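Subject: A structure for you to explore

Hi there,

Here is the structure I promised to pass on. Have a look at it first, and then read on for what turned up in it.

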Amino acid sequence: MGLFETIRSVFGTNAESDATREADPEDLFGMSTAYMTMEADLGYDHVGEAALCFSGVDSTAFADAVDDVEAILDAGEAETGTGFHQHEDDHGYRWFVLEDDDPEDLVTSVHFAADTFVEAGFGSRLLAAVFGFETTDRCAYWIYSFRRGAYYPFVPTGSSDRDERVEFKLRSVLESELDVEDDESYWYPLWPDASGDHPWE
């Protein structure tokens, strides 16, 4: 994830004053129907992965919350086959990355993970949920900002450029199904480290 200062200002310190409401994992369920529209109306398949990005804090209670998330995802893996792993990026942000061929299972798993943090009192540490889609020539992402309580589209064309025309098209098609951020200045990029990578890699 590049452009660290930009991301930090969005999902870190400055975001506290820009937050519109408390993190609400229930918003994530909008993706349960949106993925069908992405496929049927726009020709995008889901990439088989989704991710929850959060910032850590040095406390026993937070470590316990992370352990609880792992336990819930372990149980989910046994029931639905949704795999997962943890990842820490170069800037210290932490990720739970979920893998499943069923997008509804991905949405449910991301929700359970986010809700566990909220119930443990660490909803403020939640940064973003990221859902990936692809066509033969591009990847597109719907990013849910917990600090803003809204989704926005992100279509990288490399490690530092984005296709705003496609992003606006995605908004126009999905805004009736998702609570889309109406202030485009908050459509912050989560740049992949290299072209072709996902933001969580």
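Let's start with a pair of strands: β2 and β3 run antiparallel and are joined by six bridges. One of the pairings puts Gly83 opposite Glu99 of β3. Together the two strands make a hairpin with five residues between them, and in that turn Gly92 has a positive phi of about 90°. Please keep in mind as you look around that this is a predicted model.

**Helix α4**

Next, find helix α4, which covers residues 60-80. It has 21 residues and spans 30 Å from its first C-alpha to its last, close to the 30 Å expected at 1.5 Å a residue. Which residues of α4 are buried? They are Phe62, Ala65, Val66, Val69, Leu73 and Gly76. If you look down the axis of α4, these buried residues fall within an arc of 95°, so they line one face of the helix. There is a simple idea behind this sort of pattern: an α-helix has 3.6 residues a turn, so residues three or four places apart point the same way.

On the face of α4 turned away from the buried side you will find the exposed residues Thr60, Ala78 and Glu79. And what covers the buried residues of α4? The cover includes β2 and β3, the hairpin strands from above, along with β1 (45-54) and α5. Right after α4 comes Gly81, another glycine with a positive phi, this one near 80°.

**Helix α3 and its neighbours**

Helix α3 takes up residues 31-42, and its buried residues are Met31, Ser32, Ala34, Tyr35, Thr37, Met38 and Leu42. These pack against two helices, α5 (103-119) and α6 (164-174), and against the strands β4 (126-134), β5 (139-145) and β6 (150-154). Just after α3, Gly43 has a positive phi of about 75°.

Helix α5 is worth a stop too, since His111 is found there. Is His111 buried or exposed? Its relative accessibility is 6%, so His111 counts as buried. Leaving aside residues up to four places away in sequence, His111 touches Pro25, Glu26, Leu28 and Phe29.

**A second hairpin**

Now turn to β5 and β6, which run antiparallel with five bridges joining them. Ser145 has Ala150 of β6 as its bridge partner. Four residues lie between the strands of this hairpin, in which Gly149 takes a positive phi near 65°.

In a regular strand the side chains alternate between the two faces of the sheet. How many of the residues of β6 are buried? Five of its five. Ala150, Tyr152 and Phe154 are on one side and Tyr151 and Pro153 on the other, so to speak of a covered face here is to speak of both faces.

**The nonpolar core**

In soluble globular proteins, nonpolar side chains tend to be buried together. Here the largest nonpolar core has 61 residues, and those with the most contacts inside it are Leu52, Phe117, Phe131 and Trp142. Strand β4 gives this core its largest share, seven residues.

**Salt bridges**

Side chains of opposite charge can pair when their charged atoms come close. How many salt bridges does a search of the whole structure find? Three.

- Glu181 and Arg148 meet at 2.9 Å, N to O. This pair links distant parts of the chain, with Glu181 in the segment after α6 and Arg148 in the loop between β5 and β6, 33 residues apart. Glu181 counts as buried at 4% relative accessibility, and Arg148 counts as buried at 16%.
- Glu167 pairs with Arg162, their closest N and O atoms being 3.0 Å apart. Glu167 is buried, with a relative accessible area of 1%, whereas Arg162 is partly exposed at 23%.
- Glu184 and Arg171 meet at 2.9 Å, N to O. Glu184 lies in the segment after α6 and Arg171 in helix α6, so this pair ties together parts that are 13 residues apart in sequence. Glu184 counts as partly exposed, at 38% relative accessibility.

Happy exploring, and do write back with any questions!

Best wishes

Technical notes:
Residues are numbered from 1 along each chain as its sequence is written. This is a predicted model: local features need pLDDT of at least 70, side-chain atom pairs count only at pLDDT 80 or more; totals for chains, interfaces and linings use all residues. Side-chain values use heavy atoms; hydrogens and water are left out. Buried means under 20% relative accessible area, exposed over 50%, partly exposed in between (1.4 Å probe, protein chains only). Contact means heavy atoms within 4.5 Å. Two strands pair if DSSP finds at least two bridges between them. A nonpolar core is a set of buried Ala, Val, Leu, Ile, Met, Phe, Trp, Tyr and Cys residues joined through side-chain atoms within 4.5 Å. The expected span of a helix is 1.5 Å times one less than its number of residues. The arc is that of the directions from the helix axis to the C-beta atoms. A salt bridge is a side-chain nitrogen of Lys or Arg within 4 Å of a carboxyl oxygen of Asp or Glu.
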